[in-house]
Amino acid sequence: MGHSDDLHIDSPSGSIAWIDATAGIAGDMLLGALIDAGADLERVQSVLDTVIPGSVKLTKRTVDRCGQRSLKVDVELLVENPPHRTWTSIRDMLESARGAVPERTIDLGLRVFGMLAKAEGRAHGIDPEDVHFHEVGALDSIADVIGACEAWRQLGIGEATGSTIAVGSGRIRAAHGDIPVPVPATAYLAEGWPTVAGDLLPPRPHGHSHAHDHDHAHSHAHVHGHQHDHEHPLPEHVAGGPHAAAAPPSGVAPGIGELATPTGVALMRGLAAGYGPMPGMVTRAVGIGAGTKDTPGRPNVVRVFIGERYPHA
């Protein structure tokens with residue numbers, strides 16, 4: 001289910017949260033999970049209308065991701081050819097919204113975009129102040145970041161940790177051509193945080209008598225603990241991640257594609273204080289946010305658990 005009636009929007013910032021990014025993470029996925037957990041989409045829209053007026057419209061819908069119910073938040077652009085923005089212009093835009101937008105939402109948004117700017121600047125060898133955000137700075141990504149930060153504030157989350165991040169593998173086509181996964185900005189943002197490619201499902205333990213009923217996200221033969229090899233067809237999503245425009249070049253192993261985007265990893269790093277397993281908590285709400293792709297054998301979702309720490313946890 002989605003949000004619990006026991007979790008009140010705008011509750012004091014005393015709730016704790018755990019973000020499950022073991023299937024990957026993107027900005028729209030985390031936003032969907034937070035809306036599913038109880039944040040108010042209309043109030044998120046109101047904040048966006050203040051920060052980037054007349055630019056985007058958010059809608060939500062329930063979808064199926066590999067048999068799992070989840071919430072997909074779609075961002076409709078209301079303007080054509082949105083400008084590329086620098087970190088300086090985004091910072092000024094957010095600062096100018098103080099007073100009309102909750103302070104915590106602005107502060108969280110500045111933290112996340114500051115991380116993005118630093119990573120993009122490092123990737124391109126330029127000062128973060130001069131970074132042009134291209135895909136990251138498009139209106140839909142601004143909507144994802146500010147929307148997620150406002151939803152986070154609404155849910156009263158005061159402390160959070162996150163899981164290992166599945167980043168993907170192979171290559172994708174992006175604004176600067178054919179690049180490896182994780183893309184440079186994602187790789188830099190993930191420094192100091194546990195990551196995994198995420199392209200192999202864990203092998204089943206010995207003693208299972210049932211047949212294999214899952215699809216593997218890889219094309220090569222993989223040795224399982226059952227003393228035999230078998231080959232699985234390549235799933236549709238291996239052609240690339242959310243930014244992919246074409247299949248990888250001939251001769252390049254495609255891998256599983258992009259599972260974690262720079263925006264998604266920046267949100268994880270900006271909102272969660274650290275990584276680890278789910279903490280001891282009394283869960284009050286579970287939110288499940290869907291990605292765009294429906295990948296065979298792997299629900300393409302981010303989960304958020306919200307509640308209170310129980311004594312001696």
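This note comments on the overall make-up, the salt bridges and one buried arginine of a predicted model.

1. Overall composition. The chain contains eight helices and 15 strands. Of its 313 residues, 50% count as buried. The accessible surface amounts to about 13,800 Å², and carbon and sulfur atoms contribute 52% of that area.

2. Contacts along the sequence. When contacts between residues at least 6 apart in sequence are considered, 73% of them join residues at least 24 apart. One pair that is separated in sequence but not far apart in space is treated in point 6 below, namely Arg 85 and His 132, with their positions 47 residues apart in the numbering and 5.4 Å from C-alpha to C-alpha.

3. Salt bridges in general. Side chains of opposite charge can pair when their charged atoms come close. A search of the whole structure returns 15 salt bridges. The following two points take up examples from this set.

4. The network around Lys 72. Salt bridges link Asp 28, Arg 61, Lys 72 and Asp 74 in a network. Within this group, Lys 72 pairs with Asp 74, and the closest N and O atoms of the two lie 3.2 Å apart. Lys 72 has a relative accessibility of 4% and is classed as buried, because the limit for that class is under 20%. The charged side chain of this lysine thus belongs to a buried residue that has a salt-bridge partner in Asp 74.

5. The pairs formed by Arg 98. Arg 98 takes part in a salt bridge with Glu 95, at 2.6 Å from N to O. A salt bridge also joins Arg 98 to Asp 107, where the N to O distance is 2.7 Å. Each of these three residues is partly exposed: Arg 98 has a relative accessible area of 28%, Glu 95 a relative accessibility of 36%, and Asp 107 one of 40%. In contrast to Lys 72, which is buried at 4%, Arg 98 is therefore partly exposed at 28%.

6. Arg 85. This residue lies in the loop between β3 (68-77) and α3 (87-96). Is Arg 85 buried or exposed? With a relative accessible area of 16%, Arg 85 is buried, since this value falls under the 20% limit. In space, the C-alpha atoms of Arg 85 and His 132 are 5.4 Å apart, although the two residues are 47 apart in sequence. A loop position and a buried state are accordingly both recorded for Arg 85.

Note on methods. Residues numbered from 1 in each chain as written. Predicted model: local features only at pLDDT ≥ 70, side-chain atom pairs only at ≥ 80, totals over all residues. Heavy atoms only, no water. Helix = DSSP H or I, 4+ residues; strand = E, 2+ residues; numbered from the N terminus. Buried < 20%, exposed > 50% of the residue type's maximum accessible area, 1.4 Å probe, protein only. Salt bridge = Lys/Arg side-chain N within 4 Å of Asp/Glu carboxyl O. Contact = heavy atoms within 4.5 Å. Areas by Shrake-Rupley, 256 points an atom, 1.4 Å probe, with all protein chains shown as cover.
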